[in-house]
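Take a look at the structure shown here. The text after it is a short guided tour.

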Amino acid sequence: MAILDVNLGGSETRTISDQDASDGDTLNITALGSSELIVDGVSVSIQDIANIEAGSTPTFTATNGGSLTMDQGLLDLSALNDLSFGIDGNSDITLDASSVSTLSGLNGYNVNFSGAETGSFTFNKPDVGLLDTYNFNVTGMEAGDELNLGGENWSLDEGSILNPQDAYRDGALHLTQGNAAIGTQVNASIEMTQAEYDEFAANQDTYLSGGTYTHNCFAAGTMIATPDGEVPVESLSIGDLVLTASGEQVPVKWIGRQSVHRLFSAGHAPVRISEGALEPGVPNQDLVLTANHGVLVDGLVINAGALINHDTIDYLPWTEMPEAITYYHIETDTHEVVIANGTEAETYIDYVDRQAFDNYAEYVALYGIETRVVEMPRHRISSRRLLPLALRERLGIQDMTPVSRTA
């Protein structure tokens, strides 16, 4: 791993791409002003920040699948006037304050989501805090984007007894967690319309959770191959037989079910693989599933999100998403390959938390405790960058295009 010196003094734009760095490299910021750092398609972390200009307003952006991790302990927040983060497309940024236990020193952080693909922003709050308050102003979120702040359960920010306020005000939903009087408090203002807030208000319990989870599931209507022909996944029951890719008949152990409302469907933006997108007749009709659900292509288990080519394989557009999406997962005794809409796809594997499903109580009543499902001995690909070149060319998956070569 290399250490790269990057000067962010003044008001410039600097880009770190695969022409400048490799995954795992670290950045040494030699000066920090009101410049923007763009991490383009690589995974890097910031090791050191020096010479912070007073009153500066820096921006850190990840794009084209880029990933940036920075330690807030490196920042002299009292010198900053503002700090902004940009999440463009399927990229992520982590701000780690876990080692910080003093006053936060900055009034607010700006987090802006953009692009059609799903992005993620994570804030790790201090392990031990005192009189700490972190305020995040969030804009541009759409279905599938993830906002992971603090790790505790959220509640509506309705002001105080002496100053009551509506949780939806100034065009944003206001949420809060923790208590600054005894530790750390995290507040979030999430931009949305009145109609979007009304949808949220009708389903608060579904959304107000500090935890983040990702499902690997089929959307309702997916046709699963059985000895008696194809049947909709939602019609399967425990004990029903399904066909594996090898022609075996295996019984269904459990069907997990989760309904996700589109506005707050963090981590659940469905991927649509169009009929014939993988090869002629595969799928035999459009297949809609979660981005982290593995399908079998050329003997590899590939997460659906890694196959996006923005043509025949793409995220389901916001305008086509129903108010709520119901996903189903098929669990068998072992990790299997079943046939969904004529496509080889995996069954449940237990790196997904069963407790996330609406009918988890049914599982506990049937089996008492969680049981481990060992992953099948096949290579898994979860990132577009890891796809074999021949497969990328065959499916029309384009290389990531860097926005700049300046560093």
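What follows goes through a sheet and then some salt bridges.

Keep in mind that this is a predicted model. Begin with the sheet. It is open and has seven strands. Their order is 1-3-5-7-9-11-13, and the pairing is parallel. In general, the strands of a sheet pair through backbone hydrogen bonds, in either a parallel or an antiparallel way.

Now find the two edges. One edge is strand 1, residues 3-8. The other is strand 13, residues 146-149. Each of these edge strands pairs on one side only. From one strand to the next, the twist averages 20°.

Stay at strand 1 and look at its neighbour in the order. Strand 3 covers residues 26-32. Strands 1 and 3 pair in the parallel sense, over six bridges. For a single point of contact, pick N7. Its bridge partner in strand 3 is A31.

Next come the side chains. The model has six salt bridges, counting a side-chain nitrogen of Lys or Arg within 4 Å of a carboxyl oxygen of Asp or Glu. Three of the pairs are visited here, one after another.

Start with E12 and R14. Their side chains meet in a salt bridge, at 3.9 Å from N to O. Are the two residues buried or exposed? E12 is partly exposed, with a relative accessible area of 42%. R14 is buried, with a relative accessible area of 18%. The cut-off for buried is under 20%, so R14 falls in that class.

Move on to R169 and D157. These side chains form a salt bridge too, at 3.7 Å from N to O. Which parts of the chain does this pair tie together? R169 lies in strand 15, residues 168-169. D157 lies in the loop between strand 14 (155-156) and strand 15. The pair therefore ties together parts that are 12 residues apart in sequence. Both residues are buried: R169 is, and so is D157.

The last stop is R380 and E375. Their salt bridge has an N to O distance of 2.8 Å. R380 is buried, at 18% relative accessible area. E375 has 32% relative accessibility and counts as partly exposed. Partly exposed covers the range between under 20% and over 50%, which is why E375 belongs there. This pair also has company. E346, E375 and R380 are linked in a network of salt bridges.

Technical notes:
Residues are numbered from 1 along each chain as its sequence is written. This is a predicted model: local features need pLDDT of at least 70, side-chain atom pairs count only at pLDDT 80 or more; totals for chains, interfaces and linings use all residues. Side-chain values use heavy atoms; hydrogens and water are left out. Two strands pair if DSSP finds at least two bridges between them. Helices (H or I, at least four residues) and strands (E, at least two) are DSSP runs, numbered from the N terminus. Axes are lines fitted to C-alpha atoms, for helices over the stretch in contact, and angles run from 0 to 180 degrees between N-to-C directions. Buried means under 20% relative accessible area, exposed over 50%, partly exposed in between (1.4 Å probe, protein chains only).
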